[in-house]
Amino acid sequence: MVVCFEFLFLSLSSVDLKCSFTFRNSKQTYSGIPVIVSNMDTVGTFEMAVVMTQHAMFTAIHKHYTLEDWKLFATNHPECLEHVAVSSGSGQSDLERMSSILEAVPQIKYICLDVANGYSEHFVEFVKLVRAKFPEHTIMAGNVVTGEMVEELILSGADIIKVGIGPGSVCTTRTKTGVGYPQLSAVIECADSAHGLKGHIISDGGCTCPGDVAKAFGAGADFVMLGGMFSGHTECAGEVIERNGQKVKLFYGMSSETAMKKHSGRVAEYRASEGKTVEVPFKGNVENTILDILGGLRSTCTYVGAAKLKELSRRTTFIRVTQQHNTVFS
């Protein structure tokens with residue numbers, strides 16, 4: 001729970017949610033509202049990016065679009081290209097696909113290198129390879145949860161480190177493997193390590209409401225990535241399904257059986273599914289969810305006396321509680 005009150009005369013409309021950063025390795029500058037749509041194939045869509053761009057927000061596009069899809073998107077929506085990242089795994093085919101997209105659409109300046117487990121020598125070497133190949137692009141890389149690995153990836157060429165193992169709403173890593181790290185603690189530790197090297201972090205996963213987004217920023221996250229909160233909207237991939245008189249859309253983890261069968265044809269015998277598939281109530285256009293998140297962030301800032309979102313972490317105190325809100329009418 002965030003508990004810090006400052007007596008300042010701030011109105012909701014006066015709170016500045018836009019942040020500006022200069023990245024350590026790419027030397028690029030960023031300006032916008034640092035909320036990112038996750039690069040999951042149900043939410044990290046071109047349709048989502050169009051709406052997010054209108055609010056100066058960011059979308060990590062999922063890695064399953066083709067080169068032709070990207071060319072069409074770039075032609076039809078050039079205004080979005082400063083607010084999107086191309087996503088990639090760490091395989092040779094991933095590198096070739098990503099390279100072809102970046103060469104065809106040079107306006108894209110952000111790369112999201114996304115693996116479930118960032119604790120491998122192979123991934124570190126892959127980050128170095130991508131940095132050498134694309135020296136002026138801003139690289140997001142992860143996922144990790146400890147300060148030492150944050151530092152390793154930054155020194156290897158990444159600019160923004162994705163932090164989070166197991167907190168996602170459709171992630172089952174913690175129950176399947178016993179591996180994970182409390183998200184708030186991970187963000188606090190990793191932000192401290194990154195900022196010491198003039199790097200940045202993304203808090204990836206664990207948010208269920210606008211208050212959680214505010215806590216992630218309060219804990220030191222420079223960006224917050226959301227999947228579940230953006231699921232179930234018109235702009236998400238997949239058909240609207242009628243189920244018992246209710247409209248729903250599918251939402252699933254990228255390590256789930258659903259995702260692996262869709263993109264690889266099967267679940268490999270040597271691995272287990274680490275994600276689940278859920279039916280999310282259809283929420284309509286994402287615009288209302290965006291406004292709810294931004295309104296919550298502005299209100300948080302007024303409570304703690306932060307005139308800008310970027311000030312929030314300096315005005316936040318965390319108190320351990322057993323219950324955060326009144327559940328009598330839940």
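Buried here means under 20% relative accessible area, a useful yardstick to carry into this predicted model. With that in hand, a good place to start is strand 1 (residues 19-22), where Cys 19 and Phe 21 make up the covered face, while Ser 20 and Thr 22 make up the uncovered one. In a regular strand the side chains alternate between the two faces of the sheet. From there, the tour moves on to a barrel of eight strands, an open sheet of three strands and the second largest pocket.

**The hairpin of strands 1 and 2**

- Strand 1 runs antiparallel to strand 2 (residues 29-32), and four bridges join the two.
- If you would like one pair to look at, Ser 20 has Ser 31 in strand 2 as its bridge partner.
- Six residues lie between the strands of this hairpin, and Lys 27 takes a positive phi near 65 degrees there.

**The barrel**

- Eight strands close into a barrel with parallel pairing, and their order is 3-4-5-6-7-8-9-10.
- On average, neighbouring strands of this sheet are turned by 25 degrees against each other, direction ignored.
- For a view of one pairing, take strand 7 (residues 138-144) and strand 8 (residues 160-163), which pair in the parallel sense over four bridges.
- Val 144 finds its bridge partner in strand 8, namely Val 163.
- Helix 8 lies across strand 3 (35-37), strand 9 (200-204) and strand 10 (223-226), and the helix runs at about 145 degrees to strand 10.

**Phe 223, a residue worth zooming in on**

- Phe 223 is found in strand 10.
- This residue counts as buried because its relative accessible area is 2%, and the cut-off is under 20%.
- Leaving aside residues up to four places away in sequence, Phe 223 touches several aromatic side chains, among them Phe 21, Phe 23, Tyr 30 and Phe 217.
- The contacts of Phe 223 also include Pro 34, Ile 36, Ile 160, Ile 201, Ile 202 and Ser 203.
- Ile 202 is 21 residues apart from Phe 223 along the chain, yet their C-alpha atoms are separated by 4.5 Å.
- Phe 21, one of the residues touched by Phe 223, belongs to the covered face of strand 1.

**The second largest pocket**

- The volume of the second largest pocket is about 350 Å³.
- It is lined by 19 residues, of which Gln 183, Leu 184, Gly 206, Asp 212 and Lys 215 are the closest to its centre.
- Helix 7 (183-196) and helix 8 (210-218) each supply at least two residues of this lining.
- By residue class, the lining divides into ten nonpolar, six polar and three charged.

**The open three-stranded sheet**

- This open sheet has the order 11-12-13, and its pairing is antiparallel.
- Strand 11 and strand 13 are the edge strands, each pairing on one side only.
- Neighbouring strands of this sheet are turned by 50 degrees against each other on average, direction ignored.
- Three bridges hold the antiparallel pairing of strand 11 (residues 241-243) with strand 12 (residues 246-252).
- Across that pairing, Glu 242 has Lys 247 as its bridge partner, and Ile 241 stands opposite Val 248.
- Strand 11 and strand 12 form a hairpin with two residues between them, and in its turn Asn 244 has a positive phi of about 55 degrees.
- Strand 12 and strand 13 (residues 277-281) run antiparallel and are joined by five bridges.
- Val 280 in strand 13 is the bridge partner of Lys 249.

How values were computed: Residues are numbered from 1 along each chain as its sequence is written. This is a predicted model: local features need pLDDT of at least 70, side-chain atom pairs count only at pLDDT 80 or more; totals for chains, interfaces and linings use all residues. Side-chain values use heavy atoms; hydrogens and water are left out. On a 1 Å grid over the protein atoms alone, a cavity is a set of points where a 1.4 Å probe fits but cannot get out, and a pocket is an open set with protein on both sides within 12 Å along at least five of seven lines; lining residues have an atom within 4 Å of a point. Grid points are joined across faces, edges and corners, and a volume is the space filled by probe spheres set on the points. Ala, Val, Leu, Ile, Met, Phe, Trp, Tyr, Cys and Pro count as nonpolar, Asp, Glu, Lys and Arg as charged, and the others, Gly among them, as polar. Two strands pair if DSSP finds at least two bridges between them. Axes are lines fitted to C-alpha atoms, for helices over the stretch in contact, and angles run from 0 to 180 degrees between N-to-C directions. Contact means heavy atoms within 4.5 Å. Buried means under 20% relative accessible area, exposed over 50%, partly exposed in between (1.4 Å probe, protein chains only).
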